[in-house]
Each structure stands twice: as C-alpha cells, then as structure tokens.
Amino acid sequence: MDLTGLVLLVDILDAGNLSSAARKLKVSRANVSYHLQQLEKSVGVQLVRRTTRRIEPTEIGQTLYRHGRAIRDELTAAQEAIDTLGRGLHGAVRVSVPTGFGQLVMTGWLLEFKRQYPEISLELLFENRVDDLLRDEVDVAIRVMSDPPEALVARELAQVRYVACASDAFARTKGLPEDLEALRKVPLITSSVVGRELRLSAYKDEARQEVTLSPTLASENFQFLREAILSGLGIGLVPSYVVQEDVKMGRVVTALDSWRLSIFGTRLFLLRMPGRYQTQAVRTFIDFIVDKASRWS
C-alpha cells in the first residue's frame, strides 16, 4: 500500500471533497482523483462514496482513514521535533475570534502571547460566523454561543454576561426600563440584524421569561454600539465587557440587574476540529488562552 496515497485519503476526507483537497495540497483536482483511484486499485475495494456535495468513507475507507491519520500525525510530530532542534518553540497558529470579544477583550491577550512567544507566527481572523467555524485550516476558534456544534471538540472557557444599559444622560432624561416588557417600548441598540425580531431570554432564580424585541439600531461592530449608547441614542443590550469601563466611570448605567439576560448565548467556547494534529505551538496557544479566560471570568 502506498503511504502517500494513504495520507492523501486522510486529506480528502478531512477536506470533504476532491476540489477542496486539491486546493489545500496545491495540486490539480485530476491529480488528487488519480491518486485516490490508484489507492483503491491497490487495496481492491472502494474507499469513498461520492455524493453531490461531499465524499464519505466506506467502512474500509473509515478504517484506513484512522490508520492514515495516526501515521500522518506521527510524521508531523517527527518533522516538528526535527524543526525545533536548537531553535526553541516556534510554528504557526491560525485563530478565528469573534469581532466584539476578540477586539475588546482578547486583543491584550493576543499581544501578550506574541510578546511571550515571538517565534510563533499568529494569524487572526475576526469573524462571527457559527457555521463551518474551522474552515480554511483554522487551528482554533473562539465563539460565544449557547451550545457548541456536536461535530467539533469544545472547551467552555467562561460565561459572558449581557446587560441592559444607557448613557447617564439618557437615563436622567428618559429613564431606564423597570421590567422586561418595557424594553419593547424603548429605542434598542444591540447586535441583532436591523428589521428582524430579537428574542431575549431572561432568568431570575427559577423564573424564566422571554421577550421578542425589535432593535432600532443594530451592528456587528461592538465599538460602534458602544459609541451609540454613549451618544444617548437608546437602551443598549450588549455584553457587559462592551461598557465595563464606562460603567466604572459613571458614563453608562445599567438596568434590570436582577435578571440574567441572554440573546445569542452566554457561554464562551474554544473550538477545534476532532482528530486534527495539534502542534506544540497550537497546544501552547490553547493553554495560554484557557489560563487567560479563567482569570478573566
């Protein structure tokens, strides 16, 4: 059995189809297809089934995939051991972080990591997509959500708290909502999509309430939302870290503090692909972020 073909099978199944595998390996699709056919010919059985969207392994294909993945990981580990001889910790880590939490909270963490490990190349993607989080060879993704996708390995890092808040000037002139229903009647600033209803869940002791709201100003840019709140344009419904310093300085006041509010989920997760080999650089990054999040929460 050809070892190169066996490792190629792993790359194909990880990528999901021949075209994606070809792009990752920087070869033609025809080349990938040829080597897959040669591997199937050498073992004498079909290893994959082609559907309209993906390639799925047969039973023997899945068995060979497990062995091939273990071999590929051992080869990668051996190469990493050679590369690090006399050089110290180095490598590359590709990370996807949410725009708001990534910019307002993680920026300091990431800069500190880079100062501490200057030989590790760090590539950052700021995005909020929940589907297909670890596409494009992303090693680690950080996301705020209710529950992580079942297909990914998830580690809960912390809880994220939402607050209802307004500028001090807005609160003094127009008042603050005294109950959840009052949120229906105020100009609402949040990260939902303009024109769509927003479902807010609120918890107090054993009680749970749900309110459907319509934001009047919405954006995925949390810095913009903060500025809008400070400008007195309405009641903000944002994660507490967005206005944390403003609350301390008295520029922003909060309401409904006895309720635990949730919109898009309040759990912070570190996500990664199952079975993907983790280099020493990736493992170091994960340990660093886990430690930072434990102290932040």
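**Figure 1. Leu-256, a buried loop residue.** In this predicted model, Leu-256 counts as buried, with a relative accessibility of 9%. The cut-off for buried is under 20% relative accessible area, so Leu-256 falls on the buried side. Leu-256 sits in the loop between strand 13 and strand 14 (260–262). Its phi is near 55 degrees, a positive value in a residue other than glycine. Most residues other than glycine have a negative phi.

**Figure 2. Asp-205, an exposed loop residue.** Asp-205 lies in the loop between strand 9 (198–204) and strand 10 (207–213). Phi is positive here too: near 55 degrees, in a residue other than glycine. Asp-205 has a relative accessibility of 77% and counts as exposed. The cut-off for exposed is over 50%, so Asp-205 meets it. Leu-256, by contrast, is buried at 9%.

**Figure 3. Helix 8 and its surroundings.** Helix 8 covers residues 240–249. Its buried residues are Ser-240, Tyr-241, Val-242, Val-243 and Asp-246. Several elements cover these buried residues. Among the helices that do so are helix 5, helix 7 (222–230) and helix 9. Strands also take part, including strand 7 (162–167), strand 12 (235–239) and strand 13 (252–255). Gly-250 follows helix 8. The phi of Gly-250 is positive, near 85 degrees.

**Figure 4. The kink in helix 5.** Helix 5 runs through residues 99–116. A kink of about 65 degrees is centred on Met-106. Met-106 is also one of the buried residues of helix 5. The others are Thr-99, Gly-100, Phe-101, Gly-102, Val-105, Trp-109, Leu-110 and Phe-113. Helix 5 also helps to cover the buried residues of helix 8.

**Figure 5. Val-138, buried between two strands in sequence.** Val-138 belongs to the loop between strand 4 (120–126) and strand 5 (140–145). Its relative accessible area is 1%, so it is buried. Val-93 is 45 residues away from Val-138 in sequence. In space, the C-alpha atoms of Val-138 and Val-93 are 8.0 Å apart.

**Figure 6. Thr-279, in the loop before helix 9.** Thr-279 is placed in the loop between strand 15 (267–272) and helix 9 (280–296). With a relative accessible area of 23%, Thr-279 is partly exposed. Buried would require under 20%, and exposed over 50%; the value for Thr-279 is therefore in between. Ile-142 is 137 residues from Thr-279 along the chain. Their C-alpha atoms are separated by 18 Å.

**Figure 7. The whole chain, as context for the close-ups.** The chain contains 9 helices and 15 strands. Its radius of gyration is 24 Å, well over the 19 Å that the globule rule gives for 297 residues, so the chain is more spread out than a compact globule. The C-alpha trace spans about 80 × 50 × 35 Å along its principal axes. Of the 297 residues, 43% are buried. Among contacts with a separation of 6 or more, 75% join residues 24 or more positions apart. The chain exposes about 16,000 Å², and carbon and sulfur atoms supply 49% of that area. There are 39 positive and 37 negative side chains. The centres of these two sets lie 2 Å apart.

Note on methods. Residues are numbered from 1 along each chain as its sequence is written. This is a predicted model: local features need pLDDT of at least 70, side-chain atom pairs count only at pLDDT 80 or more; totals for chains, interfaces and linings use all residues. Side-chain values use heavy atoms; hydrogens and water are left out. Helices (H or I, at least four residues) and strands (E, at least two) are DSSP runs, numbered from the N terminus. The radius of gyration is taken over C-alpha atoms; the globule rule is 2.2 Å times the number of residues to the power 0.38. Buried means under 20% relative accessible area, exposed over 50%, partly exposed in between (1.4 Å probe, protein chains only). Contact means heavy atoms within 4.5 Å. Accessible areas come from the Shrake-Rupley method with a 1.4 Å probe; for residues, only the protein chains shown count as cover. Lys and Arg count as positive and Asp and Glu as negative; His and the chain ends are not counted. The place of a charge is taken as NZ of Lys, CZ of Arg, CG of Asp or CD of Glu. The bend at a residue is the angle between axes fitted to the seven residues ending there and the seven starting there.
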